[in-house]
Amino acid sequence: MLNPEILEALKGYTANMSNKVALVLQTGNHQKRAELVKFLSDFSTVSAKLTFEERETNGLLRSPLSFMIEVDGTPNGIVFSGIPGGHEFNSMVLAVLHSSGTALKLDDGIKTIVGNVQEALKFEVFVSLSCHNCPDVVQALNQFAILNPNISTETLDGGLYPEVIEERNIQGVPTVFLNGKVFANGKIDTAQLLDKLTTEFPQAASVASDAPVLPLQDVTIIGGGPAGVAAAIYSARKGLNVTIVTDRIGGQVKDTMGIENLVSVSKTTGPELVGNLITHMNDYEITVKEHLRVDRIELGAEKTITLSSGEKIQTKTIIVATGAKWRELGIPGEKENVGNGVAYCPHCDGPFFKGKDIAVVGGGNSGIEAALDLAGIVKSVTVFEFLPELKADQVLIEQAEKRDNINILKNVASKQVLASDGRVTALEYEERETGAIKTHDLAGVFVQIGLLPNSEFLKDIVELTPYGEVVVNERCETNVSGIYACGDVTTVPYKQIVIAMGEGSKAALSAYDYLLKS
């Protein structure tokens, strides 16, 4: 599994290990065990600080495919149950590096919150090696375990534990259990994990002083997608003091697998583009406060931003670039069955419905693209479109109409997701022309009906449309002096990456002009 090129690269990554790290594999028999032994044996050869052992762990590990990380002879709470290939290979590499002493790239406020947890927390993360969202969750919880000895986390390859998947009614990844109970499922990032953690354990929340965490900033950008990163780069190039606050760099772009309309780049993927955004941003002195959100903004001659960590930032100007999130149907049975048949990411959860009948709700580009992706995995796809005609590009519609296992229902309203014994069984819908209520038997519902602007924290701060978009003019100015907005969160039409980048650049130039004249 680990070819000479990969092993050589690992030698470079592990060259500065300071702690001794052991990969300890539970003894026993399994048809995949020889493959895992080979993987761990080869992995351990890349550094003198790394060793591989097989031994009985007296119940610490789940199965003969489970291994834990020990640091200087002591388990550090990180366990993998399975062979961490695919997208989880990076999770394993980072777990080893962080265990060996490589600094965690987490904000000090986050470290304080995690370090304040006093209870014993045992996380179990069920993943698919083809899921591109799962590593974010795995890596975040692994870092939590390193920061706090009260926290442990086990990453399980769902494909190797079908009996556990069946017993716990898991139908989507990532699914996170905490102390035996469902903690989170579906696409979730570090910021959301922290929010849930502080909700369940309020005493862990950081007690921050009233003193600002940074010197007075010229520009603070809220949001780290293409618009936010462009704004940060343009601001930094003007010599301004710049901070960017975001739940994750890349935003929704990180979840996009195919990008073919970014001018001058014929084809790329979301993860690749995000990597390029980070590399470009690192060329400048920009303070990045990642995995955090803004709780509130206080207006004045200097604006005060309070973060979810309790920290405060004082700034002369603000650029809002918070983008948008998946729009929900808002029907009975939707939220209750997320992870049990209701999903929003076809790339992550599609493999769980192999050979089954599923639905895609939404006939726009995202819906038809999802239907085409899923058609190669599932038995059949039925597209449910509210309007009399599909909204997707004609080229996509033509591709969908050519597929024998894609059926398209137009002018129908989804009414209810039906489930039995913790699993989705059908979608109830209304034929809008006749009013007839019908039921379509299926195993999964993929919701693809667009995005909602992430602007809740701006209520009573700036003018919003009834749909929650920030109202801006041609200079990205809001109705509040010194506050700008750009990208998908605004009234600017056509939510595209290239447009967001241009709007972010424009917002930065407008803020710079404002600072010159103030």
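This briefing describes how strand S9, helix H8 and their neighbours are arranged in a predicted model. Strand S9 covers residues 217–222 and pairs with strand S14 as well as with strand S10, while helix H8, spanning residues 226–237, packs against helix H13, which spans residues 497–517.

**Strand S9 and its partners**

- In strand S9, 6 of the 6 residues are buried, that is, under 20% relative accessible area, so the strand is largely enclosed by the rest of the structure.
- S9 and S14 (residues 312–320) run parallel and are joined by 5 bridges, with glutamine 217 having threonine 315 in S14 as its bridge partner.
- The pairing of S9 with S10 (residues 242–246) is also in the parallel sense and extends over 4 bridges, and here isoleucine 222 stands opposite valine 245 in S10.
- Between S9 and S10 the chain passes through H8, forming a β-α-β crossover that is right-handed.

**Packing of H8 against H13**

- Two packed helices are described by the angle between their axes and the distance between the axes.
- For H8 and H13 the angle is about 35° and the axes are 7 Å apart, and H8 passes H13 in a right-handed crossing.
- On the H8 side the contact involves Pro226, Ala227, Ala230, Ala231, Tyr234 and Ser235, which meet Ile497, Ala500, Met501, Gly504, Ser505, Ala508 and Leu509 in H13.
- Sorted by class, the residues in this contact between H8 and H13 comprise 10 nonpolar and 3 polar ones, with no charged residues.

Technical notes
Residues are numbered from 1 along each chain as its sequence is written. This is a predicted model: local features need pLDDT of at least 70, side-chain atom pairs count only at pLDDT 80 or more; totals for chains, interfaces and linings use all residues. Side-chain values use heavy atoms; hydrogens and water are left out. Axes are lines fitted to C-alpha atoms, for helices over the stretch in contact, and angles run from 0 to 180 degrees between N-to-C directions. Helices (H or I, at least four residues) and strands (E, at least two) are DSSP runs, numbered from the N terminus. A crossing is left-handed if the near helix is turned anticlockwise from the far one by less than a right angle, and right-handed if clockwise. Contact means heavy atoms within 4.5 Å. Ala, Val, Leu, Ile, Met, Phe, Trp, Tyr, Cys and Pro count as nonpolar, Asp, Glu, Lys and Arg as charged, and the others, Gly among them, as polar. Buried means under 20% relative accessible area, exposed over 50%, partly exposed in between (1.4 Å probe, protein chains only). Two strands pair if DSSP finds at least two bridges between them. A crossover is right-handed if, with the strands pointing away from the viewer, the path from the first strand over the helix to the second runs clockwise.
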